[in-house]
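Visitor: Please take me closely through the interior of this model and its immediate surroundings, and give the cut-offs behind each term as you go.

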Amino acid sequence: MERFPIFESYEFNEEQKAEMDRVGHFVLPGLLTSKACERLTESLSYIQSLVPNAAEGHEPNRFAAEYDEFLESLIGHPQMLALARQVLGQDLRYDHCVTLNRPGGNQGTGWHSHTYSDDDPSLGFIRIFFYVNGFDVNDGGLKAVPGSHLYRDKYRFQTDEEFQSGWIADKKHMLTGEPLEIQDLSVPDGTVVLMWTHAAHAVSPRQPNSKTRWAVVYAYRNPGRPSAARWISEEFEHKHIDGVEGLMSLY
Ligand SMILES: O=C(O)CCC(=O)C(=O)O
Ligand SMILES: [Fe+2]
């Protein structure tokens, strides 16, 4: 597969890394090149067309990179790996690639976090979200709670109010002592969002008349623990993919 730049230039040094570690997510607005957005839109539309006839246990949205060569080629893209390593350090593994396309009227999702190495924060797990055509508040919009990732808790709440009274209310930011608060994000086309997997997040419903929100997430982690979200078929684990040598195994 032909390689071309997927990211515009960006800054991610110690200052940005410290923010990521304090807040739990980091937004890189408009990071994706226009060619990357074009190719991603094609690939994500293709995956979406396969969804109605999905094979249970090997769904095209959940094993997306196994169904599309361009999505596959991004797992080991040098710019993708450089970004993942800026957060996780050198020793990492690929974990999953899931499409997050949300057509008009999509219900979004309630508050939750994801788990990995819950008792040992020295092992990290990040999600790299590509929001190809962005999103607005209350229109397939990602919501987050800065500082929530430091708790490494697992929960599920449907509404903001339930999450507020059921979990947020008695929590303080572990480093700053500030009360925790819900943040509604709004991002332009081509935005990449990095998120520690333990961070609380939710997605608002997509408005009925809005076009499909095209998005995909790539996950990487430091090896050392089993991973619940490691959606890789055995065949794919052993496939030769440029740039992915040594990154596919669990440990
Ligand atoms: O659709 C999104 O923006 C995020 C969905 C989600 O909760 C996830 O990928 O973990
Ligand atoms: Fe999630």
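Guide: Strand 2 (residues 93-99) has 7 of its 7 residues buried, so this strand is largely enclosed by the rest of the structure. Buried here means that 20 or more other C-beta atoms lie within 10 Å of the residue's own, while 12 or fewer makes a residue exposed and anything in between partly exposed, with C-beta atoms placed from the backbone. Strands are DSSP runs of E with at least two residues and helices are runs of H or I with at least four, both numbered from the N terminus. The model is a predicted one, in which local features need pLDDT of at least 70 and side-chain atom pairs count only at pLDDT 80 or more, whereas totals for chains, interfaces and linings use all residues. Residues are numbered from 1 along each chain as its sequence is written, and chains are lettered from A and ligands numbered from 1 in the order in which they are written.

Strand 2 pairs with strand 10 in the antiparallel sense over 6 bridges, where pairing requires that DSSP find at least two bridges between two strands. Within that pairing, V216 of strand 10 is the bridge partner of T99. In general, the strands of a sheet pair through backbone hydrogen bonds, in either a parallel or an antiparallel manner.

V216 also leads into the largest nonpolar core, which has 57 residues, and in which I126, F130, V192 and V216 touch the most other members. Strand 4 (residues 125-131) contributes the most to this core, with 6 residues. A nonpolar core is taken as a set of buried Ala, Val, Leu, Ile, Met, Phe, Trp, Tyr and Cys residues joined through C-beta atoms within 7 Å. If the neighbours within four places in sequence are left aside, F130 is in contact with L32, L40, V192, A215 and V216; contact means that the C-beta atoms of two residues, placed from the backbone, lie within 7 Å.

V192 belongs to strand 8, of which 6 of the 6 residues are buried, so strand 8 too is largely enclosed by the rest of the structure. From this strand, T191, V193 and M195 point one way and V192, L194 and W196 the other way, every one of them buried. Strand 8 pairs with strand 4 in the antiparallel sense over 6 bridges, and there W196 stands opposite I126. Strand 8 also pairs, again in the antiparallel sense, with strand 1 (residues 25-28) over 4 bridges, with V192 as the bridge partner of L28.

Helix 4 (residues 78-88) has M80, L83, A84 and V87 as its buried residues. Seen down the axis of helix 4, these buried residues fall within an arc of 95 degrees, so they line one face of the helix, the arc being that of the directions from the helix axis to the C-beta atoms. What covers the buried residues of helix 4 includes helix 1 (14-23), helix 3 (69-75), strand 4, strand 8 (191-196) and strand 10. On the other side of helix 4, P78 and A82 are exposed, and the residue that follows the helix, G89, has a positive phi near 85 degrees.

Strand 10 and A215 also take part in the surroundings of ligand 1, where the residues are L100, T109, L142, H201, V203, A215 and V217. Strand 9 (201-203) and strand 10 (215-221) are the elements that give two or more residues to this shell, and membership is set by a C-beta atom, placed from the backbone, within 6 Å of the ligand. By class, the shell around ligand 1 has 5 nonpolar, 2 polar and no charged residues; Ala, Val, Leu, Ile, Met, Phe, Trp, Tyr, Cys and Pro count as nonpolar, Asp, Glu, Lys and Arg as charged, and the others, Gly among them, as polar.

Strand 9 lies in an open sheet of 5 strands, in the order 6-3-9-5-7 and with antiparallel pairing. Its edges are strand 6 (156-157) and strand 7 (183-184), each of which pairs on one side only. Strand 3 (residues 109-112) and strand 9 pair over 2 bridges, with H201 of strand 9 standing opposite H112.
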